[in-house]
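Biologist: I am new to this structure. Please take one part of it and look closely, then show me how that part sits in the rest.

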Amino acid sequence: VARHAFIGDDAFISFRYAENLIEGHGLVFNPGERVEGYTNFLWTVLMAAVMAVGLPPEPLSNALGIAAGAVLLALVARMGARERGWGDPLVWLAPLGLAANRTFAAWSTGGRETMLFALLLFAGLARFLEERERDAARPLVSAVLLAAATLTRPEGGLAFVLAAAFFAIQTLRSQPRVLRPLLTWGLTYGAIVGAHLAFRIAYYGDFVPNTFRAKVTGLQWDQAATWVGMYVSDY
């Protein structure tokens with residue numbers, strides 16, 4: 001992290017919204033203009049909380065990202081230990097490999113929500129697996145974590161959809177088929193994400209952030225190929 005630490009320019013979008021929020025102008029970039037120019041609601045609100053107590057967002061955002069990365073490493077080790085036991089040295093292979101990855105190290109900083117999102121997503125899916133292994137009757141924790149991930153970055157919704165598909169298949173195959181856990185899980189997630197959607201519609205007057213209107217013009221195969229190529233060249 002010390003070698004790759006940085007602050008990205010996009011971080012200041014969240015800082016600007018957070019500053020206007022604590023100054024009483026609302027969750028806006030420019031006072032008087034209700035435009036949702038961010039896609040990281042939970043992180044922006046967290047930055048507002050940091051700034052409200054008089055702390056500078058630049059170093060604190062990186063500190064929070066580093067802390068999230070450290071917790072994520074611990075959760076990766078814990079998952080290995082659940083499978084193999086803490087006495088197996090192979091438990092440490094995955095977290096050490098992850099810690100040595102320059103992308104993981106760099107994006108533990110940047111001033112953005114990236115590592116918090118990664119932590120919430122991993123924690124939510126890991127908890128989901130644990131709940132399904134023991135057929136939890138009230139699988140609330142994973143639903144809350146995945147909802148928090150979705151409020152941190154909208155891609156969290158994709159993870160929820162995939163998990164929901166597995167949950168539904170497991171429910172359909174069970175004897176007898178008990179729908180209550182699936183409904184409890186889905187409604188918990190839906191209530192949290194739905195509340196945010198209702199706020200978005202009421203406050204900004206749209207179902208999606210303005211960045212979606214500004215940037216999404218179709219499937220964009222050329223851009224997709226460029227990003228996949230960058231990933232392959234790195235890894």
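Modeller: A contact here means heavy atoms within 4.5 Å. With that in hand, take the contacts between residues at least 6 apart in sequence: 66% of them join residues at least 24 apart. Keep in mind that this is a predicted model.

First, the setting. The chain has 11 helices and zero strands. Its C-alpha atoms fill a box of roughly 55 × 45 × 45 Å along the principal axes. Of its 235 residues, 36% are buried.

Now the close look: helix α2, residues 41–52. Start with its length. At 1.5 Å a residue, its 12 residues should span 16 Å. The C-alpha atoms at its ends are 16 Å apart, so expectation and model agree.

Next, its buried side. Buried residues are those under 20% relative accessible area. In α2 these are F41, W43, T44, M47, A48, V50 and M51. An α-helix has 3.6 residues a turn, so residues three or four places apart point the same way. The buried residues of α2 pack against several other helices: α1 (11–22), α3 (57–84), α6 (114–133), α7 (140–152) and α9 (180–204).

Take the α1 partner in detail. The axes of α1 and α2 lie 8 Å apart, at an angle of about 55°. The two helices are therefore oblique to each other. Their crossing is right-handed. On the α1 side, the contact is made by S14, F15, Y17, A18, E19, L21 and I22. On the α2 side, W43, T44, M47, A48, M51 and A52 take part. W43, T44, M47, A48 and M51 are also among the buried residues of α2.

W43 has another neighbour to note. E113, in the loop between α5 and α6, touches W43. Leaving aside residues up to four places away in sequence, E113 also touches N40, T152 and R153. E113 is buried, because its relative accessible area is 3%. Just after α2, G54 takes a positive phi of about 85°.

Now step out to α6, one of the helices that the buried residues of α2 pack against. Side chains of opposite charge can pair when their charged atoms come close. In α6, R127 forms a salt bridge with E131, with the closest N and O atoms 3.2 Å apart. The two residues are four apart, about one turn of the helix. Their exposure is not alike: E131 is buried at 1% relative accessible area, while R127 is partly exposed at 26%. Salt bridges with shared partners also join R78, R82, E130 and E133 into one network.

Two more pairs round out the charged picture. D88 forms a salt bridge with R84, the closest N and O atoms being 2.7 Å apart. D88 is buried, with a relative accessible area of 17%. R102 and D234 also meet in a salt bridge, 3.1 Å from N to O. This pair links distant parts of the chain, with R102 in helix α5 (residues 102–106) and D234 in helix α11 (residues 221–234), 132 residues apart. R102 counts as partly exposed at 44% relative accessibility. D234 counts as partly exposed at 43%. The count for the model comes to 12 salt bridges.

Definitions and conventions: Residues are numbered from 1 along each chain as its sequence is written. This is a predicted model: local features need pLDDT of at least 70, side-chain atom pairs count only at pLDDT 80 or more; totals for chains, interfaces and linings use all residues. Side-chain values use heavy atoms; hydrogens and water are left out. The expected span of a helix is 1.5 Å times one less than its number of residues. Buried means under 20% relative accessible area, exposed over 50%, partly exposed in between (1.4 Å probe, protein chains only). A salt bridge is a side-chain nitrogen of Lys or Arg within 4 Å of a carboxyl oxygen of Asp or Glu. Axes are lines fitted to C-alpha atoms, for helices over the stretch in contact, and angles run from 0 to 180 degrees between N-to-C directions. Angles under 35 degrees count as roughly parallel, over 145 as roughly antiparallel, 65 to 115 as roughly perpendicular and the rest as oblique. A crossing is left-handed if the near helix is turned anticlockwise from the far one by less than a right angle, and right-handed if clockwise.
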